[in-house]
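Got your viewer open? Load the model, colour it however you like, and let's walk through it one selection at a time.

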Amino acid sequence: MGEFILKMPDVGEGVAEAELVEWHVKPGDPVREDMVLAAVMTDKATVEIPSPVSGKVLWLGAEVGDTVAVKAPLVRIETAGEVGEPPPDSVPEALAEAVLEEPLAAAPAPAPQPKREEVLRPKPEQAASKPAPTPREAQDLSKKPLASPAVRLRAKESGIDLRQVIGTGPAGRITHEDLDLFISRGAEPVPAQIGLARKTAVEEIKVTGLRRRIAEKMSLSTSRIPHITYVEEVDMTALEDLRATMNRDRKPEQPKLTVLPFLMRALIKTVAEQPGVNATFDDHAGIIHRHAAVHIGIATQTPAGLTVPVVRHAEARTIWDCAAELNRLAEAARTGTATRDELTGSTITISSLGALGGIASTPVINHPEVAIVGVNKMAIRPVWDGTQFVPRKIMNLSSSFDHRVIDGWDAAVFVQRLKTLLETPALIFVEG
């Protein structure tokens, strides 16, 4: 009989700490080797931490929402027999820093190890023993439920609407156990809303996980970067005609083209002429880094919040390849499976709200970049051609720049070049 102490592993190069966003176990729970114990978040990517050993959980070293330093004690597990080095394949490479401690004094004989199914999921009778939530605890269906990416992925794969699941975690967060209970019992009837009733309740929601990362990032950007925003109207009629033709004639293996791949290709041509816009600014060192590579971040709304997956080396991709990689990363971001590398390292960002894009916006620069291009909603508007009004497909671009690095004149030249390329889309495909 011994004890194994799992320490906070190194979850990525240069990461000194990570936020604990979910426990999958509690003290007293049996665990088996490779069973996921917890999930931590760093740079918006969620990493699951497996157990290198089998045994019983004795102690948890942090609460959800806590920031845990690398190599800090995270979980104590009672193990049977002599404690040896964990099998080399039991811990993913990125989590290889889990550290074994010396075994403690002998403890009572271990209980029989539960079967795999018994460890991973509670039995129906166990689930049924949990007190049922009262109607007062039922979810407000108009609100987005709190849940980790792993829980959201399980719910999506099971065809479950998380708004129907009662969360028992902090601030109503939905846990794996809540999802198991929902599956075993089925949906609870939601009480009818009482019209015109006076409401006095105040809900306190601790800002944790991805929302805290977004808050920190936005605060950093707006407090450190003096923004200027330039809005220009772009006639997209010719590009929309070209897009329709290309989609009609595309090969079966080619993805359907949206406006974004065209904008990405136009952006690549524009920053080749104005490399100062495809840059990051280290304001502590006073150094601007101009990048030859064009790593385009795509601001993407996901069920958990805003993330920015990165299409790397867009300058080396065709428009079809840009579209395919964009689709792949957007799906990974929405399902919470995007890796840390796929969510970091952009040199310029595109922000699009699609059909909800409004007339104009003030996009916040993705620190430490110096520019962001915001895409607004496209609409058919009457345009005077010199003799009459004609219907044209018009879309605004709202682009923000770091005014410490980019002057207003340079910002205008950049946007006007983008406008020219988008209004004459054949130029996007002209080499040189």
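Which residue is the bridge partner of Val375 in β17? Select Leu397: that is the residue paired with Val375. A word on what you're looking at: this is a predicted model, where local features need pLDDT of at least 70, side-chain atom pairs count only at pLDDT 80 or more, and totals for chains, interfaces and linings use all residues. Residues are numbered from 1 along each chain as its sequence is written, and side-chain values use heavy atoms, with hydrogens and water left out.

**Stop 1: the hairpin**

Now show β16 (residues 371-384) and β17, which run antiparallel and are joined by 12 bridges. Strands here are DSSP E runs of at least two residues, helices are H or I runs of at least four, and both are numbered from the N terminus. Two strands pair if DSSP finds at least two bridges between them. The two strands make a hairpin with four residues between them, and Gly386 in the turn has a positive phi of about 110 degrees.

Next, add β9 (residues 227-235), which is joined to β17 (residues 389-402) by nine bridges, again antiparallel. Look for Val234, sitting opposite Met395 in β17.

**Stop 2: the nonpolar core**

Click on Leu422. Skipping its neighbours within four places in sequence, Leu422 is in contact (heavy atoms within 4.5 Å) with several residues, including Val234, Phe262, Leu397 and Ile428. Leu422 is also among the residues with the most contacts inside the largest nonpolar core, which has 46 residues; Ile296 and Phe414 are on that list too. A nonpolar core here is a set of buried Ala, Val, Leu, Ile, Met, Phe, Trp, Tyr and Cys residues joined through side-chain atoms within 4.5 Å. Buried means under 20% relative accessible area, exposed over 50%, and partly exposed in between (1.4 Å probe, protein chains only). Colour helix α7 (residues 259-273) as well: with nine residues, α7 gives the most to the core of 46 residues.

Apart from that core lies another one, of 22 residues, among them Leu20, Leu37, Ala38 and Val68.

**Stop 3: a four-stranded sheet**

Head over to the open sheet with strand order β5-β4-β2-β7 and antiparallel pairing. β5 (45-50) and β7 (67-69) are the edge strands, each with a single partner, so one side of each has no neighbour in the sheet. From one strand to the next, the twist averages 40 degrees. β4 (residues 36-42) pairs with β5 over six bridges, and Ala39 stands opposite Glu48 in β5. Helix α5 (residues 209-224) lies across β2 (17-23), β4 and β7, at about 150 degrees to β2. That angle is taken between N-to-C directions, from 0 to 180 degrees, using axes fitted to C-alpha atoms, for helices over the stretch in contact.

**Stop 4: salt bridges**

How many salt bridges does a search of the whole structure find? There are 19, counting a side-chain nitrogen of Lys or Arg within 4 Å of a carboxyl oxygen of Asp or Glu. Zoom in on Arg243 and Glu240, whose closest N and O atoms are 2.8 Å apart. Both are in helix α6 (residues 237-249), about one turn apart, and both are buried.

Then try Lys419 and Glu423, a salt bridge at 2.9 Å within helix α9 (residues 408-423). Lys419 is buried at 17% relative accessibility, while Glu423 is partly exposed at 27%.

Finish by selecting Arg317, Asp321, Glu325, Arg328 and Glu342, joined into one network by salt bridges that share partners.
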